[in-house]
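Here's a quick walk through some helices, salt bridges and buried spots. Have the viewer open as you read.

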Amino acid sequence: MIDGKKVLFSGMQATGNLTLGNYLGALKNWVSLSDEYLCFYSVVDMHSITVRQDPAVLRKRARSLLILYIAAGLDPEKNCLYYQSHVSGHAELSWILNCFTYMGELNRMTQFKDKASKHGDNINAGLFTYPVLMAADILLYQADVVPVGADQMQHLEITRDIAERFNNIYGDVFTIPEAYVGKVGARIMSLQDPSKKMSKSDENPNGSIYLMDDADTVMRKCKRAVTDSEGTFLYREEQPGLKNLIDIYSVCTGKTPDEVVQEFDGRGYGDFKMAVGEAVTSILNPLQKEAARLEKEKAYVDSIIKENAEKAGYYARKTLRKVQKKVGFPVRV
């Protein structure tokens, strides 16, 4: 807890292009949290290099992602928006925590197995110890809560295990983080395979709507979205493609799924897909305009990057100095 507020940490990787799923599932909901929590939102560019990146592209995407944070409504005065690589404490704490993490724990991480299967020519140590860096991200700011999806729960669990192990040896050093329980973001699935989440890394470009897609592209992807041959307009698991589109329309318009079903009952899927495309465009358009404006405000964005890195660094150093003292590193003079 800092200044009477609980601390919340989250972040996104600076790889690929953010999707509608990233926005509706996470980013949109982050905006309202700053009143209740002191929020640290990182552009986790250090995590990004477990897979080979084009340096120029990574830099550009990292900046674009930070701009999207602001364009989505995250006030950089209320939230700490920063690059992970600009705060050296992430790497320093990660090394220390590596020495308190067991190989067997890391071997059980399903994300490592998944990524290793996809990048067989580059199964590096960073990929293996990725969860330890994630633990450092969270523990560095003494985070009380972390918004995580089902696919990240395993990483939060190992973070808690590492923190508890360290505390058992050295006393009450780390806050033990909990999963954030609050307004749950929509779980948006692929438009082409509704059994999978909409993903930045989807090999089928028609499966994901990207935040920078123009109106024509959004409409085209919505029209091509998988539904079914039943022809009935119902919100149920047996019609996953239609259910996914109803979820998207529901979040974009603020209507409940039941209200959406009533609105389109008796109308064809084609009409509904058009309406979904229009609803998505209506929320992406102002976001895109604000991002384009911020792209031109170089001095302003640079000042946010500098000031927020200093803010994050201040809190990171407080934790790091305590940890370094506990493990026996010489005091800095």
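Which residue caps the N-terminal end of α1? T19 does: one of its side-chain oxygens sits 3.1 Å from the backbone nitrogen of G21. That falls under polar contacts, meaning a pair of N or O atoms within 3.5 Å, where within protein one must be able to donate a hydrogen and the other to accept it, and residues adjacent in sequence count only if both atoms are side-chain atoms.

Before going on, some ground rules. This is a predicted model, in which local features need pLDDT of at least 70 and side-chain atom pairs count only at pLDDT 80 or more, while totals for chains, interfaces and linings use all residues. Residues are numbered from 1 along each chain as its sequence is written, and side-chain values use heavy atoms, with hydrogens and water left out.

**Helix α1 and its surroundings**

Helix α1 spans residues 20-30, and its buried residues are L20, G21, Y23, L24, L27, N29 and W30. Buried here is under 20% relative accessible area, exposed is over 50%, and partly exposed is in between (1.4 Å probe, protein chains only). Helices (H or I, at least four residues) and strands (E, at least two) are DSSP runs, numbered from the N terminus. So what do those buried α1 residues pack against? They pack against β1 (6-12), β2, α3, α11 and α13, with contact meaning heavy atoms within 4.5 Å.

Strand β2 (residues 37-43) is also where you find S42. S42 has 0% relative accessibility, so it counts as buried. Leaving out residues up to four places away in sequence, S42 touches F9, S10, G11, M12, Y69, Y82, Y83 and Q84. If you want a distance to check, the C-alpha atoms of S42 and E157 are 20 Å apart, with their positions 115 residues apart along the chain.

T50 belongs to the loop between α2 (45-48) and α3. T50 is buried too, because its relative accessible area is 9%. Its side chain reaches the backbone oxygen of H47 at 3.2 Å.

**Salt bridges**

How many salt bridges does the structure hold? There are 15, each being a side-chain nitrogen of Lys or Arg within 4 Å of a carboxyl oxygen of Asp or Glu. Here are some of them:

| Acidic residue | Basic residue | N to O distance |
|---|---|---|
| D302 | R63 | 2.9 Å |
| D247 | K243 | 3.5 Å |
| E263 | K255 | 2.8 Å |

The D302 and R63 pair links distant parts of the chain: D302 is in helix α14 and R63 in helix α3 (residues 55-71), 239 residues apart. D302 counts as partly exposed because its relative accessibility is 29%. This bridge isn't a loner, either: R63, K298 and D302 are linked in a network of salt bridges.

D247 and K243 are a more local affair. They are 4 residues apart in helix α11 (residues 240-253), so about one helical turn separates them. Generally, an α-helix has 3.6 residues a turn, so residues three or four places apart point the same way. Are D247 and K243 buried or exposed? D247 is buried at 13% relative accessibility, and K243 is buried with a relative accessible area of 17%.

For the remaining table row, E263 counts as partly exposed at 30% relative accessibility, and K255 counts as partly exposed at 30%.

**Where α13 meets α14**

The axes of helix α13 (residues 269-296) and helix α14 (residues 298-327) come within 5 Å and cross at roughly 90°. Axes are lines fitted to C-alpha atoms, for helices over the stretch in contact, and angles run from 0 to 180 degrees between N-to-C directions. α13 and α14 are therefore roughly perpendicular to each other, a label for angles of 65 to 115 degrees. Which residues make the contact? On the α13 side they are L294, E295 and K296, and on the α14 side K298, Y300 and V301.

**Two more spots**

S94 is in helix α4 (residues 89-98). S94 is buried, with a relative accessible area of 9%. Setting aside neighbours within four places in sequence, S94 is in contact with G89, V132, L133 and A136.

Finally, Q142 sits in the loop between α8 (130-139) and β4 (145-146). Its phi is near 50°, a positive value in a residue other than glycine. Most residues other than glycine have a negative phi. Q142 counts as buried, given its 14% relative accessibility.

How values were computed
Angles under 35 degrees count as roughly parallel, over 145 as roughly antiparallel, 65 to 115 as roughly perpendicular and the rest as oblique.
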